[in-house]
2 protein chains.
Amino acid sequence: MQAAFKNKKVLITGGLGFIGSNLARRLVRMGARVTIVDSLIPEYGGSLFNIREIADRVNLNISDVRDPHGLAYLVKDQQYLFNLAGQTSHLDSMRTPFVDLEINSRAQLSILEACRQVNPEIKIVFASTRQVYGKPCYLPVDEKHPLQPVDVNGINKLSGEWYHLVYNDVYGIRSSVLRLTNTIGPCMRIKDARQTFLGIWIRLLLEDKSFEVWGGDQLRDFTYVDDCTAALLMAAHNEAAVGRVINLGGSETISLRALADLLVQQYGRGRYTVRAYPDERLKIDIGDYYSDFSLARSLLGWEPREPLTRALAKTLAYFQEHLEVYL
Amino acid sequence: MQAAFKNKKVLITGGLGFIGSNLARRLVRMGARVTIVDSLIPEYGGSLFNIREIADRVNLNISDVRDPHGLAYLVKDQQYLFNLAGQTSHLDSMRTPFVDLEINSRAQLSILEACRQVNPEIKIVFASTRQVYGKPCYLPVDEKHPLQPVDVNGINKLSGEWYHLVYNDVYGIRSSVLRLTNTIGPCMRIKDARQTFLGIWIRLLLEDKSFEVWGGDQLRDFTYVDDCTAALLMAAHNEAAVGRVINLGGSETISLRALADLLVQQYGRGRYTVRAYPDERLKIDIGDYYSDFSLARSLLGWEPREPLTRALAKTLAYFQEHLEVYL
């Protein structure tokens, strides 16, 4: 696959963010001609620091996916679009639902309209979320699981997915949808819990403060960011992924309490308290979740390679070195 | 139930439209204090003629559900909201997808936000569509059927549904969602096929012109409008419907070709041609569809009462009398 992206023109929306910047680094190493679109909204994950090693080898375009005119220019002549820009906070989606709608739903439609009009040959990979399943009816959750989002974010991400699928089926704009679970690794947002609760855990741990575990017994799975970017590339490269929805997942399942213990153990010190969910968060909680990613395995040959312990260790090492930048 | 709505304050969005005006008439007869919101967009179903018999007994407010400020005023103090305003054309949703998004998705969110802020006690019934199921995997289609919309309309209607369900679950804004199949009866739009293909069939038949049957073998079911409005009232009245999604359906299943024959037979004359689907329409066609409405039966005690033959006869009789008004 190394050769597949060499000299290819690739656009990454949200390319200064956590997953986007990791993907951009990888694509630059593969010789791709990468354009990054990011609006650097302070509450989201974008940061120039995330691309410091490749800044001179990418085309950086600071703009917002909600701007349909800019996007129509930017998607032109691109061969691949990794469509990663999104509002990720479940709580924010309830507090400011229209912002979530504009980014996760409406902007996706306008990106697709732009592709239809100026670049129908493009191949798109859209990053969606396990949130679309809502509270699991069974575990592990496969792609056939009922769709029953419990918050505005899940609803709008699902619209975003379906616009891709309908534009794929009706107009032949080749699109693949990956449903991501919790993704962790260098460059993630740790300032707060907007991307994942693990972000704020790591921040507080590194600041020698106690972090809070809400609930504690819920089961989760985690994908290390390098595994996630591998899946994005595999989906882009593989025609069998066109028009498909594919779960990512983790190789291990762990309770939040056990995860907190593991994190403290990897760091060598630290403390946390377990508390009940705040009411506002409880109402949109999904309980236990972990993915069945056998479709990714059979279709793409993908599986998570990084064990959770090593993923945590690498993530901690990165933020120990660069903590100040991410506060 | 007659007594349940007496003196109750009821808001109907899309109240000048086909189903909305039939519902308004019924509610006025029951002694409800009805406010109608409608924007009279020429391509949609609204018409002042539809409420001619009750015009002096309803509060008519010409406005658009996309106006969040107006809606916030209008939902205040209402006890029931029948949320029927919508863009219904599948083809239009592909040609002008943002209009469909604004009406079927964004406006629903702003209506719910208004209710949350100024009238959380309101009871809402939202009219959704079988289009959210897409191409059936099995027949008849029950509420557990996978959701896989094939066009932009289906995607946005599904968002509209889910906003209602999430606002119900998280904020206690009591909402019920009815998924309607083809609804027919007096006051439907017959100018074109934007509401249902049967509209344009009836128009052409009454104009002594040949109408077109696309495909012909597809199976469909139909709900007579009085059965539909009965279901809306039952859902509003029944606390068991809160937070639920409920299919409506028809008592009979019929192919489009057999329906064309039945229509011609009921009218006493007429002709039609059978042709292949136009390409644009074929891509978003759902094939055979008919509903399993056993949940409506068990939960609401609802079932369709009007046989299809009589529904067609009544509809034809209405439009024979008032054809000119609806052209």
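Biologist: What makes strand β7 (residues 182-184) of chain A and β9(A) count as a pair?

Modeller: Strands pair if DSSP finds at least two bridges between them. β7(A) and β9(A) are joined over three bridges in the parallel sense, so the requirement is met. Within this pair, Asn182(A) has Phe222(A) of β9(A) as its bridge partner. Strands (E, at least two residues) and helices (H or I, at least four) are DSSP runs, numbered from the N terminus.

Biologist: How are the structure and its labels to be read?

Modeller: This is a predicted model, in which local features need pLDDT of at least 70, side-chain atom pairs count only at pLDDT 80 or more, and totals for chains, interfaces and linings use all residues. Residues are numbered from 1 along each chain as its sequence is written, while chains are lettered from A and ligands numbered from 1 in the order in which they are written.

Biologist: Which sense does the pairing of β9(A) with strand β11 (residues 253-255) of chain A have?

Modeller: β9(A) and β11(A) run antiparallel and are joined by three bridges. Arg220(A) stands opposite Ile254(A) in β11(A).

Biologist: What makes β7 and β11 of chain A edge strands?

Modeller: The three strands form an open sheet in the order β7-β9-β11 (chain A), with mixed pairing. β7 and β11 of chain A each pair on one side only, and are thus the edge strands. From one strand to the next, the twist averages 50°. Helix α7 (residues 225-237) of chain A packs on the sheet, touching β7 and β9 of chain A, and its direction makes about 70° with that of β9(A). Helix α8 (residues 256-267) of chain A also packs on the sheet, where it touches β9 and β11 of chain A at about 90° to the direction of β11(A). These angles run from 0 to 180 degrees between N-to-C directions, with axes fitted as lines to C-alpha atoms, for helices over the stretch in contact.

Biologist: Why is strand β9 (residues 219-224) of chain A called largely enclosed?

Modeller: Five of the six residues of β9(A) are buried, so the rest of the structure largely encloses the strand.

Biologist: How do you know that Ala260(B) is buried?

Modeller: A residue is buried if 20 or more other C-beta atoms, placed from the backbone, lie within 10 Å of its own (exposed if 12 or fewer, partly exposed in between). Ala260(B) has 23 C-beta neighbours inside 10 Å and therefore counts as buried. Ala260(B) lies in helix α8 of chain B.

Biologist: With which residues is Ala260(B) in contact, leaving aside its neighbours within four places in sequence?

Modeller: They are Trp201(B), Val213(B) and Tyr272(B). Contact requires that the C-beta atoms of two residues, placed from the backbone, lie within 7 Å. Trp201(B) is itself buried in helix α6 (residues 197-206) of chain B, as are Leu198(B), Gly199(B), Ile202(B), Arg203(B) and Leu205(B). The buried residues of α6(B) pack against β7, β8 (211-214), α8 and α11 (308-322) of chain B.

Biologist: What is notable about Ala231(A) and Ala231(B) in the largest nonpolar core?

Modeller: Of the 194 residues in that core, Ala231(A) and Ala231(B) touch the most other members. A nonpolar core is a set of buried Ala, Val, Leu, Ile, Met, Phe, Trp, Tyr and Cys residues joined through C-beta atoms within 7 Å. Beyond its neighbours within four places in sequence, Ala231(B) is in contact with Leu178(B), Leu248(B), Ala296(B), Leu300(B) and Trp302(B).

Biologist: What relation do chains A and B have?

Modeller: A turn of 180° and a shift of 0.0 Å along the axis lay chain B on chain A with an RMSD of 0.0 Å. That is the relation of a two-fold axis. The same surface serves both copies, since 100% of the contact residues of chain B recur in chain A. The superposition is by least squares on the C-alpha atoms of residues with pLDDT of at least 70 in both copies.

Biologist: Which elements form the side of chain B that touches chain A?

Modeller: In total, 22 residues of chain B are in contact with 22 residues of chain A. On the chain B side, α4 (97-118) and α5 (152-171) are the elements that give two or more residues. The largest share, eight residues, comes from α5(B).
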